[in-house]
Amino acid sequence: MRAKEIMTKNPITFTPDMPVKEAAKILAEKDIGGAPVLDEDGRLIGIVSESDLIIQDVRLRFPTYIEIFDGYLYSPISFSRFEEEFRKAVGAKVGDVMTVDVVTVDEDVTIEDVATLMTEKDISRIPVMSADRVVGIITKGDIVRAISKS
């Protein structure tokens, strides 16, 4: 069975300038956990999920630092993480909170490969691409439904 056989075609998509509150309302109304984010030319530039929206309510953890010679030395890892968390915490637009490193699959990939990728990457949904366009989305629920029918 191929991705194109079980995907949700023409999925709901967001634009990066959409307010986060509006995106959250659509996710809740449509009972979906996330959606691809497309630029003005319809190309995939990110994905936003419930987790990305929830992080706005998470308390920020300040970066780890040490005091040395009357100065402060920040851990590069914790400081970059702090910057990302801060950006997401104050972001009011989808583009501010979306995940930009998006895992995608081709529409002809097998569902076994999609399931493996979801497990390895610990993700719940994958945009399905044809050429450079999003033509669908597959969630873990889609895979479970496909397995139950086979």
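## A hairpin to start with

Strands E2 (residues 34–38) and E3 (residues 44–49) run antiparallel and are joined by five bridges. Within this pairing, Ala35 of the one strand stands opposite Val48 in E3. Please keep in mind while reading that the model is predicted.

Between the two strands of the hairpin lie five residues, and among them Gly42 takes a positive phi near 80 degrees. The neighbourhood of this turn also holds charged side chains. Arg43 and Asp39 meet through their side chains in a salt bridge, with 3.6 Å from N to O. Asp41 belongs to the picture too, as Asp39, Asp41 and Arg43 are linked in a network of salt bridges. Asp39 is buried, with a relative accessible area of 16%, whereas Arg43 is partly exposed at 36%.

## The chain as a whole

Stepping back, the chain contains seven helices and eight strands. It has 150 residues, of which 33% count as buried. The accessible surface comes to about 9,600 Å², and carbon and sulfur atoms contribute 53% of that area.

How much of the contact pattern comes from residues 24 or more positions apart? Such pairs account for 53% of the contacts in the chain with a separation of 6 or more.

## Helix H6 and its two sides

Helix H6 covers residues 111–121, and its buried residues are Ile111, Val114 and Met118. Viewed down the axis of H6, these buried residues fall within an arc of 55 degrees, so they line one face of the helix. Thr119 and Glu120, on the other side of H6, are exposed.

What do the buried residues of H6 pack against? Their partners are helix H1 (3–6), strand E6 (105–106), strand E7 (125–130), strand E8 (133–139) and helix H7 (140–149).

Lys121 is also found in H6, and this residue is partly exposed, with a relative accessible area of 49%. The cut-off for exposed is over 50%, so that value leaves Lys121 in the partly exposed class. The C-alpha atom of Lys121 is separated by 8.3 Å from that of Val103, although the two residues are 18 residues apart along the chain. After H6 comes Asp122, whose phi is positive, near 55 degrees.

## Helix H7, a partner of H6

Helix H7 has a buried side as well, with Asp142, Ile143 and Ala146 buried. Seen down the axis of H7, the buried residues fall within an arc of 100 degrees, so they line one face of the helix. On the other side of H7 you will find Val144, Ile147 and Ser148, which are exposed.

The buried residues of H7 are covered by elements including H1, strand E1 (8–9), H6 and E8. H6 thus appears in the cover of H7, just as H7 appears among the elements that the buried residues of H6 pack against.

## The loop before H6

The loop between E6 and H6 is worth a look for two of its residues. Thr110 is found in this loop and counts as buried, at 19% relative accessibility. The cut-off for buried is under 20%, so Thr110 falls within the buried class. Leaving aside residues up to four places away in sequence, Thr110 touches Met1 and Arg2.

Asp108 also lies in the loop between E6 and H6, and its side chain meets that of Lys4 in a salt bridge of 2.8 Å, N to O. This pair links distant parts of the chain, with Lys4 in helix H1 and the two residues 104 residues apart. Asp108 is partly exposed at 37% relative accessibility, and Lys4 is partly exposed at 38%.

## Salt bridges overall

Why might such side chains meet? Side chains of opposite charge can pair when their charged atoms come close. How many salt bridges does a search of the whole structure find? The search finds five.

Another of the salt bridges is formed by the side chains of Asp132 and Arg133, at 3.7 Å from N to O. Asp132 counts as partly exposed at 40% relative accessibility, and Arg133 counts as partly exposed at 35%.

Terms used:
Residues are numbered from 1 along each chain as its sequence is written. This is a predicted model: local features need pLDDT of at least 70, side-chain atom pairs count only at pLDDT 80 or more; totals for chains, interfaces and linings use all residues. Side-chain values use heavy atoms; hydrogens and water are left out. Buried means under 20% relative accessible area, exposed over 50%, partly exposed in between (1.4 Å probe, protein chains only). Helices (H or I, at least four residues) and strands (E, at least two) are DSSP runs, numbered from the N terminus. The arc is that of the directions from the helix axis to the C-beta atoms. Contact means heavy atoms within 4.5 Å. Two strands pair if DSSP finds at least two bridges between them. Accessible areas come from the Shrake-Rupley method with a 1.4 Å probe; for residues, only the protein chains shown count as cover. A salt bridge is a side-chain nitrogen of Lys or Arg within 4 Å of a carboxyl oxygen of Asp or Glu.
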